[in-house]
Amino acid sequence: MPESASYASRFQDQAEVEAYESKEYGAASYATHVWQWQRPVLEQIIREFLRGRKAPARLLDFACGTGRVLAAVESLAQAAEGVDISENMVALARAKCRLARFKVGDILSQPDILQPAYEIITAFRFLLNVEPALRGRVLRKLREAIREPDGLLIVNVHGNSRSLRHAAVAWRRWREAAQPTQAMLNEMSPAETKSLLRTSGFEIVRQYGFGLLPPTVYRTPLRRPAAAVDKLFAGETPWRNCSIDLMFVCRPV
Ligand SMILES: C[S@@+](CC[C@H](N)C(=O)[O-])C[C@H]1O[C@@H](n2cnc3c(N)ncnc32)[C@H](O)[C@@H]1O
């Protein structure tokens, strides 16, 4: 049993793995829209970081899951590695990635699972839903594994409590009280996320935001104009603190 049992065990379930791959990341899902805006920005950040670098760079995608992020970025670095606690998630990642190597395990109870001094670490869709008590502990493990002084951590939080999504979350929380489901209704504010990153040993050097309009609009006939508006306001804009999906680029301090 891994030390971090609850969130860690969720994606051991094959039904959760399939739902994540085919529903959460189905062709027209909200998450897929966000990834379409986020992916080129992430690739550009990594390319810029590696430009002119002489020594080979190693990339770690922590909590790599089904390999969505790793498949996009594995070819940018000289070596890429995915680590996740779920063998079932990693099975999909292995099928998608051509170059990356994989390790299955828990970084909290198996410290040897990470190598030292990765130039780039990505951690997507992990922080928000893992138990709050584990967020700092995992980030500090990543801090130990990042190259000093110039490694790069790119991390996202996909439920900003200061975004327009908050109203829908509050409503669903109220409904959940009467009829509990397995819905993930966690939120973090930009200030809370920044504070967590700082106390875990990182300095934030860039901040991006993706998705201003409530995801419910994407389930209406207004989906296409909404996607056009959100695409326009995606990235390093003045509205990034109000975006649903926050992405931070950090350095170790
Ligand atoms: C929502 S998925 C995100 C997957 C991928 N990063 C993405 O953005 O598509 C969260 C992942 O975190 C993994 N996970 C949960 N606890 C973990 C832990 N303690 N160590 C490593 N991975 C963990 C789960 O197995 C799952 O694959």
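In this briefing, Ala, Val, Leu, Ile, Met, Phe, Trp, Tyr, Cys and Pro count as nonpolar, Asp, Glu, Lys and Arg as charged, and the others, Gly among them, as polar. By that division, the shell of residues around the ligand holds 11 nonpolar, 4 polar and 4 charged members. The structure is a predicted model. The chain has 253 residues, of which 53% count as buried, and its secondary structure consists of 9 helices and 7 strands.

**The chain as a whole**

- The radius of gyration of the chain is 18 Å; a compact globule of 253 residues would have a value near 18 Å, so the two agree.
- Measured out along the principal axes, the C-alpha trace extends over about 50 × 40 × 35 Å.
- Among contacts in the chain with a separation of 6 or more, 74% are made by residues 24 or more positions apart.
- The chain has an accessible surface of about 12200 Å², and carbon and sulfur atoms contribute 54% of that surface.

**The ligand and its surroundings**

- The ligand is surrounded by 19 residues, and the closest are Tyr20, Ala63, Arg68, Asp84 and Phe124.
- Tyr20 places a polar side-chain atom 2.7 Å from an oxygen atom of the ligand.
- Ala63 approaches the ligand through its backbone: one of its N or O atoms lies 2.6 Å from a ligand nitrogen atom.
- Ile85 likewise has a backbone N or O atom at 3.3 Å from a nitrogen atom of the ligand.
- On its own the ligand has 600 Å² of accessible area, and the protein covers 99% of it.

**Arg165 and its contacts**

- Arg165 belongs to helix α7, which comprises residues 165-178.
- The relative accessible area of Arg165 is 15%; buried means under 20%, and therefore Arg165 counts as buried.
- Apart from neighbours within four places in sequence, Arg165 is in contact with Gly159, Met184, Asn186, Glu187, Pro215 and Ile244.
- One of these contacts, Pro215, is 50 residues away from Arg165 along the chain, yet the C-alpha atoms of the two residues are separated by 6.8 Å.

**Backbone features in the loops**

- Most residues other than glycine have a negative phi, and most peptide bonds are trans.
- The peptide bond that joins Glu148 and Pro149 is cis, with omega at about 0 degrees.
- Pro149 is located in the loop that connects α6 (132-145) with β5 (152-157).
- Ala117, a residue other than glycine, has a positive phi near 65 degrees.
- The position of Ala117 is in the loop between β3 (101-104) and β4 (120-123).
- Ala117 has a relative accessibility of 32%; partly exposed covers values between 20% and 50%, so Ala117 falls in that class.
- Arg125 also has a positive phi, near 55 degrees, and is a residue other than glycine.
- The loop between β4 and α6 contains Arg125.
- The relative accessibility of Arg125 is 15%, which is under 20%, and so Arg125 counts as buried.

Terms used. Residues are numbered from 1 along each chain as its sequence is written. This is a predicted model: local features need pLDDT of at least 70, side-chain atom pairs count only at pLDDT 80 or more; totals for chains, interfaces and linings use all residues. Side-chain values use heavy atoms; hydrogens and water are left out. A residue is near a molecule or strand if one of its heavy atoms lies within 4 Å of it. A polar contact is a pair of N or O atoms within 3.5 Å; within protein, one must be able to donate a hydrogen and the other to accept it, and residues adjacent in sequence count only if both atoms are side-chain atoms. Accessible areas come from the Shrake-Rupley method with a 1.4 Å probe; for residues, only the protein chains shown count as cover. Helices (H or I, at least four residues) and strands (E, at least two) are DSSP runs, numbered from the N terminus. The radius of gyration is taken over C-alpha atoms; the globule rule is 2.2 Å times the number of residues to the power 0.38. Buried means under 20% relative accessible area, exposed over 50%, partly exposed in between (1.4 Å probe, protein chains only). Contact means heavy atoms within 4.5 Å.
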